[in-house]
Amino acid sequence: MPHNHSTRALRRALNGLYVLALLSPAAAFAKPSADSQSALIAHGDYIVHRVGMCIDCHTPKDAHGMPIASEDLHGAEIPITPDNPVPGWVNRSVKIAGLPAGYTEAQLVSFLETGHTPSGGTAHPPMPDYRLNEHDARAVAAYLHSIN
Ligand code: HEC
């Protein structure tokens, strides 16, 4: 059956090509898929709510001290004051949900990596002077950009 044999051989060759296409660098490094973007956003959500604890200062609390979910990351009163005066201390944080005012996503990444604001200054205490790595900074910025 020479015909069947060559059909099988052709099929095998085509399967091989298909695998090669999946493994080719062009396929691997194409622009981020929807999946990798949602993984980045999920990682940012984790850092904001469970590691960097941005919510401690940027989310208003109810009378029981519980974060108000509908105002998550909308800016809040800072509930603590230093024992000794700290120069520049502010008692209010800003809204960071949907990106802070005056920031592009790229500028927020840079701020979280370096502590430098877009105007070249630094944020007032008690805003921590973060030095996130690039991946974490991109994740936080992508997450904040994705919410309101
Ligand atoms: C200990 C309290 C505290 C925590 C925790 C905190 N912030 Fe802040 N943040 C502040 C305060 C207060 C300000 C206002 C500072 C100012 O007015 O200069 C601020 C300002 C900012 C700004 C604007 C900076 C500027 O002046 O341009 C950004 C962006 C920001 N915070 C992001 C974050 C992110 C992201 C996290 C978590 C990874 C976080 N903050 C955690 C207190 C905090």
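This is a short chat about a predicted model and the ligand in it.

Visitor: Where does the ligand sit?
Guide: The ligand sits in the largest pocket. Two elements each give two or more residues to the shell around the ligand: helix H4 (54-58) and helix H5 (105-114).

Visitor: How many residues surround the ligand?
Guide: There are 23 of them. The closest are Cys 54, Cys 57, His 58, Tyr 103 and Met 127.

Visitor: And by class, what does the shell have?
Guide: The shell around the ligand has 18 nonpolar, 4 polar and 1 charged residues.

Visitor: OK, distances. How far is the side chain of His 58 from the ligand?
Guide: An N or O atom in the His 58 side chain is 2.8 Å from a nitrogen atom of the ligand. That pair counts as a polar contact, because the cut-off for two N or O atoms is 3.5 Å.

Visitor: What about the side chain of Tyr 103?
Guide: There, an N or O atom is 2.6 Å from an oxygen atom of the ligand.

Visitor: And His 124?
Guide: An oxygen atom of the ligand is 2.8 Å from an N or O atom in the side chain of His 124.

Visitor: New topic. How many aromatic pairs does the structure hold?
Guide: The structure holds 1 aromatic pair. It is formed by Tyr 103 and Phe 111.

Visitor: How are those two rings arranged, then?
Guide: Tyr 103 and Phe 111 are edge-to-face, with 5.8 Å centre to centre and 65° between the planes. The angle puts the pair in that group because over 60 degrees counts as edge-to-face.

Visitor: Are Tyr 103 and Phe 111 buried or exposed?
Guide: Tyr 103 is buried, and Phe 111 is buried too.

Key:
Residues numbered from 1 in each chain as written. Predicted model: local features only at pLDDT ≥ 70, side-chain atom pairs only at ≥ 80, totals over all residues. Heavy atoms only, no water. Near = heavy atom within 4 Å. Polar contact = N/O pair within 3.5 Å; in protein donor to acceptor, adjacent residues only side chain to side chain. 1 Å grid on protein atoms, 1.4 Å probe; cavity = no way out; pocket = protein on both sides within 12 Å on 5 of 7 lines; lining within 4 Å. Sits in = over half its atoms within 2 Å of the grid points. Helix = DSSP H or I, 4+ residues; strand = E, 2+ residues; numbered from the N terminus. Nonpolar A, V, L, I, M, F, W, Y, C, P; charged D, E, K, R; others polar. Phe/Tyr/Trp six-rings, centres within 6.5 Å; stacked < 30°, edge-to-face > 60°. Buried < 20%, exposed > 50% of the residue type's maximum accessible area, 1.4 Å probe, protein only.
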